[in-house]
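Reader: Got a minute to go through this one with me? I'd like to start with the ligand and then move on to the sheet.
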Amino acid sequence: MAAKVECGVPTIAEFYSGKNIFLTGGTGFIGKVFIEKVLRSCTDVGDIYILIRPRRGKSVRDRMRKIFTEKIFDRLRKKNPDFELKIKPVEGDMMKPNLGISQTDAEQLSNKIHLVFHSAATIKFDEPIRVAVEMNMLAVRKMIKLSKTFKKLELFLHVSTAYSNCDRHHIEEILYPAPIEPQQLINLCSVLDDESLSKITPKLLGDKPNTYTYTKHLAEHLLMKEGKELPLAIVRPSIVTSSWKEPFPGWIDNYNGPSGLYIAMGNGMLRAFHAEPGATADIIPVDIVVNTLITTAWYTVISKPEEVPIVHCTSGGINPITWREVADTVLCYYRNMPLQQTFRQPASDILCKNKMLRDFWVIMSHHIPAYMTDVGLRLTGSKPYMVNRYTKLHKAVDTMNFFVLRSWVWTNANSKLVNNKLTTEDKEAYHMCPGSLSWPEYVEDHAVGMKKYVMNEPVDVLPSPSGYQTKMRNLGYTINTIMVIAIGRILVAQSEMASSVWQCVASCGRGIAETICEGVYNITSGRLQAAAHT
Ligand SMILES: NC(=O)c1ccc[n+]([C@@H]2O[C@H](COP(=O)([O-])OP(=O)(O)OC[C@H]3O[C@@H](n4cnc5c(N)ncnc54)[C@H](OP(=O)(O)O)[C@@H]3O)[C@@H](O)[C@H]2O)c1
């Protein structure tokens, strides 16, 4: 990424001063943090136009109003109570022709916009390929077409993913060859029906694990080809998780990726997870991602690099953490500060490298308890739900498997280059390097954030054991006892000697039980007789 940055270049805040931004995905996890940070740190920024669709009967204005009441905007609201005035919702839908934007809005955008940040996407790993193509590829095409009408356009920044090349181990900040010409895939989607498409999807994906990474890779190609007359930049974050520092530690609003699994570990449901414990967990805090978007745009516009900058936003090559460390920290936190609704106590260890062992523990500690609970619920006249919940959990776990069983090496030369060009003050204000991040503290803050902001539970008081929790704890003990007996019985059945020991223990147990019953009977009947005499 050869580039020149002259002396006397504007600071970040100076650069953004008066610039109008067009943002897609502004209602999403990264989008909200982006809006908050830009408005808080670049006070003279122009307006932020956000493409937003009406949803669940709510107009775009109502949706925006509701979003601005969220905790994420508290710090900004304190600094600038009128911050909403800088936000201009633009009604649209990435799936519609011309993005569903009205002619009037399109004209307004064409006269105003300096910077485009395209963040909207479907991040569902197992999305049917037709939807993934429409959202992650065709929407990029529509965005390019629209952006070509922007008279003052200085940059189109596309948010991709570090996993767009996850079929490779060593990944550089370059565009890798496409597995198929993007237009060929688009053509396939237009001629084949859903059933045929789903049949050929595994073949199309090749070594890619899902339609998300596949279409995000092809979107980069589509962008480079069809947007080649535009000033472009691509940022590739890895697994984006809660905020590290800003606007405050631990902010998160979703169950995506590992976050949902944290809750499943915390509520005691997830007890066996097929993962490579020593593999690097390439997680990256959302505030680092947002700072990288802001600084990459600044860098690209002021330095005009010859090639389109592709900037990795990853942690593993700089400050790695393993899945073992992540899981231990999360389990430890939720054991000390339990969630209010738990199925069982969080397990002490859940990672299984060996698939067979994991499958065994899934039967023992997921399926059996789930079926037993549902039988119990049926017997007590309640609606069973546990098997259903486990089916959903296993589906979520399956989509994560590919990413927790391997490690990748991403190079970070371009992100270092951008960071090095920042002034000392901007380096501090737009921290984009996870080098000094203390993982145990960060992962715990993420676990706290899940409890506080996603589950809406207090984090400074231990939940008082409710009737429900006592029931769940007792259920846990019962399940554990039954499983120990069942495993013991199976093992014992394998050997003659152990079988005789079992018979002996069982008959002793029976004898003791009979004696106790007799005693209890004698005592009670004695009491009854005594009571009858008085
Ligand atoms: N999260 C991660 O771990 C991660 C990692 C690497 C890269 N990325 C990339 O980062 C970007 C943002 O991810 P995120 O985590 O912020 O995702 P997110 O929370 O799921 O947000 C997705 C955004 O896209 C919008 N969107 C979806 N369909 C739309 C449609 N038909 N029309 C208009 N808007 C639509 C959503 O709007 P609604 O509110 O209307 O649904 C939402 O604002 C994506 O490009 C993703 O590929 C994310």
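Reader: Which helix gives the largest share of the shell around the ligand?
Author: Helix 2 does, with three residues. Helices (H or I, at least four residues) and strands (E, at least two) are DSSP runs numbered from the N terminus. Bear in mind that this is a predicted model, where local features need pLDDT of at least 70 and side-chain atom pairs count only at pLDDT 80 or more, while totals for chains, interfaces and linings use all residues. Residues are numbered from 1 along each chain as its sequence is written.

Reader: OK, and how many residues surround the ligand?
Author: 27, with T27, G28, A120, A121 and V240 the closest. A residue is near the ligand if its C-beta atom, placed from the backbone, lies within 6 Å of it.

Reader: Switching to the sheet: what's the strand order?
Author: It's an open sheet of seven strands, ordered 3-2-1-4-5-7-11, with parallel pairing. Two strands pair if DSSP finds at least two bridges between them.

Reader: Why do strand 3 and strand 11 each have one side without a neighbour?
Author: Strand 3 (87-91) and strand 11 (310-313) stand at the edges with a single partner strand each, so one side of each has no neighbour in the sheet.

Reader: And how many bridges join strand 1 to strand 2?
Author: Four, between residues 21-24 and residues 48-52, and the two strands run parallel. In that pair, I21 stands opposite I48 in strand 2.

Reader: What does helix 3 touch when it packs on the sheet?
Author: Helix 3 (residues 60-68) touches strand 2 and strand 3. Contact means C-beta atoms, placed from the backbone, within 7 Å.

Terms used. Two residues are in contact if their C-beta atoms, placed from the backbone, lie within 7 Å. Axes are lines fitted to C-alpha atoms, for helices over the stretch in contact, and angles run from 0 to 180 degrees between N-to-C directions.
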